Structure formats: structure tokens, C-alpha cells
Amino acid sequence: EPSMLFNLFNSMPSVSTKELEAKLTEKPQIIDVREPNEFIAGHIPGAKNVPLRKAETYTPKGKVYVICQSGGRSKRAATILKSKGYDVVNVKGGMSAWSGPTRGGKL
């Protein structure tokens, strides 16, 4: 049903990378839906790598923040998780906009 998906999309809570960075001290649950090689190259400390293709089977515990490289994949993953009833927040701009701490390094 396209209209239902559209509503889901419109009501998707989102935060900026700055807002997420400010919450890092609270140890939020963050999933990074990029591919493993992208994740290894640099990710937010504490983030869990759940590639987009696995989002369908992922079970978050409580509120989960979803990030990717630029925001496209995270929006798709967030929509999938939200449609299953999870408390999901999409991170706008993705890692391209992230200026906070990162783990990992170039391969």
C-alpha cells in the first residue's frame, strides 16, 4: 500500500549528526547499515554494523539510531524497522556529515 508507506516515511523521526553526537555519552543504540568494508574504514564508536540487506531480520532493543554514508540507505532501513513497530530514528546526512569521533581507519 503506497500511501501507508508514504505516511511512514513522513513520520520518520530524524536527527542531525550533531544531535546524535551530543547523545553519545548516553550510549545510544546505533546501527550503521553500510557494507562491512565501509564500516571498517571509519564508524561511530559503539555503532553496530548491520548492512542494509540484513535490516529486515535485525531486532533492536529499544530506540535505535540508523546511519549510512549519506542518508539514503539509512532511510530505507529505518522505514523497514519502523514498519515492524520498532522505535527508530534516522540520522540525516549520514557519515558524510559526521564530524564526531570515529573508530577504524582506511583499509
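Two strands are counted as paired if DSSP finds at least two bridges between them. With that rule in hand, the sheet of this predicted model can be read strand by strand. Its 5 strands form an open sheet in the order β1-β5-β4-β2-β3, and the pairing is parallel. The edges are taken by β1 (14–15) and β3 (48–49); each has a single partner strand, so one side of each is left without a neighbour in the sheet. In general, strands of a sheet pair through backbone hydrogen bonds, either parallel or antiparallel.

A helpful place to look first is the β1 edge. Here β1 runs parallel to strand β5 (residues 88–91), and 2 bridges join them. One residue to find on screen is V15, whose bridge partner in β5 is V91. Helix α4 (residues 72–83) packs on the sheet, where it touches β2 (29–32), β4 (64–67) and β5. The direction of α4 makes about 175 degrees with that of β5.

The next topic is the nonpolar side chains. In soluble globular proteins, such side chains tend to be buried together. In this model, the largest nonpolar core has 14 residues, and I31, V33, V66, A77, A78, L81 and V88 are those with the most contacts inside it. Two or more residues of this core come from each of β4 and α4, with α4 giving the most, 3 residues. A closer look at A77 shows that, leaving aside residues up to four places away in sequence, A77 touches V33, L52, A55 and V66. Apart from this core lies another, of 13 residues, which include V15, I67, V89 and W98. V15 thus appears twice in the picture: as the bridge partner of V91 and as a member of the 13-residue core.

Key:
Residues are numbered from 1 along each chain as its sequence is written. This is a predicted model: local features need pLDDT of at least 70, side-chain atom pairs count only at pLDDT 80 or more; totals for chains, interfaces and linings use all residues. Side-chain values use heavy atoms; hydrogens and water are left out. Helices (H or I, at least four residues) and strands (E, at least two) are DSSP runs, numbered from the N terminus. Contact means heavy atoms within 4.5 Å. Axes are lines fitted to C-alpha atoms, for helices over the stretch in contact, and angles run from 0 to 180 degrees between N-to-C directions. A nonpolar core is a set of buried Ala, Val, Leu, Ile, Met, Phe, Trp, Tyr and Cys residues joined through side-chain atoms within 4.5 Å. Buried means under 20% relative accessible area, exposed over 50%, partly exposed in between (1.4 Å probe, protein chains only).
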